[in-house]
Amino acid sequence: QAAAPLHPVAVQCQEAQVVVTVHRDLFGTGRLVRAVDLTLGSAACLPVAQNVAESTVTFVAGLHECGSTLQMTPDSLIYKTSLFYKPTPSGNLVIIRTNVAVVPIECHYPRKSNVSSNAVRPTWAPFRSTLSAEERLMFSLRLMNDDWSTERLSNGFQLGESLHLQADVASGDHVPLRLFVDDCVATLSPDRNSSPRYALIDLSGCLVDGRSDDTTSAFISPRPRQETLQFMVDVFKFAGDDRNLIYITCHLKVSPADQAPNPLNKACSFNKASSLWAPVEGTGDICSCCETGNCP
């Protein structure tokens, strides 16, 4: 919505920056405030443009600039800042005729998204309608060749081989992010809730398929980068069913890279040699719930 006397502050949350347009009739009284008395954030950033004809002032700042702060909720990344109006005396240096004003400003970005790999099935059909958002993180799930260098062109496998799966997020200009795979399920149809279904990853990041006696399924450690997570799954088929096409659907999520992994944000594999669960990063105790099944 354009800045106008009835709505004097307009905010645009873009991919890498926030644009704040302020109508100088800030209080709706017809008395225009001075542009030099307006600043953005705790760093007191100054406006970058002024439109005299429309009586507006525009600020443009990167999401991490001008002293903004980042808050993470289970579903969103929230960048917070404030617009400050601090009137200074003009002409008569003794009095001022307007009040100080602080306008809180927030930009919300979805933190989670569902993706389905189209590399392991010839006809892609999303299991959930695409979420509409002005800006969103771009998640992907790809089937890779054996040395992880390129995407695998064929989706045909023989029993005894391994699937090399790579999950990524394009973080753009957001704060550094670490990617996790919350869960992955295999089904015979695009519907992840259909039956039969087999959980490969469950319990907020436990690669439960690796717990079976006859598998070597595991996350690859260390990661190639924080926004990428790789894992291998031994090829399988559903017992008692002759269909050779299997759908794998995964739920991906991110957390700030500087936040330590925890039982909710983890990537844990079962080590058969030690009979213990081990994380790709973080302390071993974050994986203990993989054994008990009591994860968040």
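## The main core

The largest nonpolar core has 54 residues. Val181 and Phe231 make the most contacts inside this core. Strand E12, spanning residues 177–187, supplies the largest share, 5 residues. Domain 1 (1–111) and domain 2 (138–295) both contribute residues, so the core lies between them. All of this is read from a predicted model.

In soluble globular proteins, nonpolar side chains tend to be buried together.

## A second core

Apart from the main core lies another one, of 9 residues. Among them are Trp277, Ile286, Cys287 and Cys295.

## Around Phe231

What does phenylalanine 231 touch, leaving out residues up to four places away in sequence? Its contacts are Trp148, Leu163, His164, Leu165, Val181, Cys184, Ile201, Leu207, Ala218, Phe219, Ile220 and Cys250. One of these, Val181, shares with Phe231 the place of most contacts inside the largest core.

## Strand E15 and its partners

Is strand E15 (residues 228–234) largely enclosed or open? Of its 7 residues, 6 are buried, so E15 is largely enclosed by the rest of the structure.

E15 pairs with strand E11 (residues 162–170). The two run antiparallel, joined by 7 bridges. Here histidine 164 has methionine 232 of E15 as its bridge partner.

Strand E14 (residues 218–219) also pairs with E15 in the antiparallel sense, over 2 bridges. Alanine 218 has methionine 232 of E15 as its bridge partner. Methionine 232 is thus a bridge partner of both histidine 164 and alanine 218.

How values were computed
Residues are numbered from 1 along each chain as its sequence is written. This is a predicted model: local features need pLDDT of at least 70, side-chain atom pairs count only at pLDDT 80 or more; totals for chains, interfaces and linings use all residues. Side-chain values use heavy atoms; hydrogens and water are left out. A nonpolar core is a set of buried Ala, Val, Leu, Ile, Met, Phe, Trp, Tyr and Cys residues joined through side-chain atoms within 4.5 Å. Buried means under 20% relative accessible area, exposed over 50%, partly exposed in between (1.4 Å probe, protein chains only). Helices (H or I, at least four residues) and strands (E, at least two) are DSSP runs, numbered from the N terminus. Domain bounds come from an automatic or database domain assignment. Contact means heavy atoms within 4.5 Å. Two strands pair if DSSP finds at least two bridges between them.
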